[in-house]
Amino acid sequence: MMTAQNIIGNTYLYDFGEGSKYQLHFVDGTHLEVTVVEDGFYAPGTINHFDIEITSLAAGLNMITWTEAESHNTVTHVDDFNQLISYTNITSVPNDEFWRLKGKIIPQ
């Protein structure tokens, strides 16, 4: 059974398809390090640090939220670690857009 506590200290590749891949390292219960693998806005290898909140919804199901300081984008993940699927919603403030992504979570 995967709980919010189980993901802390671990790293996962989030694969939302071509041009949208990120390595997420859950540093602790309130800090996330995201390394860009593929992205249309950031160069590969770019590292971003976020203050996060993890809410356990059920065994293996977590909601993870943060605000990107530079862009003010808001990000909400509903991550199913049982099925290894991430449902991600991003409000892009600078572009006045709303993105809905679904992708694979790959343990590293």
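In which elements of the chain is confidence lowest and highest? Confidence is given as pLDDT, the predictor's own score for each residue from 0 to 100. Its mean is lowest, at 77, in helix H1 (residues 4–7), and highest, at 98, in strand E1 (residues 11–15). Helices (H or I, at least four residues) and strands (E, at least two) are DSSP runs numbered from the N terminus. The chain as a whole has a mean pLDDT of 94, with 95% of its residues at 70 or more. The model is predicted, so local features need pLDDT of at least 70 and side-chain atom pairs count only at pLDDT 80 or more, while totals for chains, interfaces and linings use all residues. Residues are numbered from 1 along each chain as its sequence is written, and side-chain values use heavy atoms, leaving out hydrogens and water.

A helpful place to look next is the interior. The largest nonpolar core (buried Ala, Val, Leu, Ile, Met, Phe, Trp, Tyr and Cys residues joined through side-chain atoms within 4.5 Å; buried means under 20% relative accessible area, exposed over 50%, partly exposed in between, with a 1.4 Å probe and protein chains only) has 19 residues, of which Tyr14, Leu24, Phe26, Ile52 and Trp66 touch the most other members. Strands E1, E2 (20–28), E3 (31–39) and E6 (61–67) each supply at least two residues of this core. Leaving aside residues up to four places away in sequence, the contacts (heavy atoms within 4.5 Å) of Phe26 include Ile7, Tyr14, Ile52 and Ile64.

Lys104, in strand E9, is exposed, with a relative accessible area of 53%. Beyond four places in sequence, Lys104 touches Leu13, Tyr14, Asp15 and Leu84.
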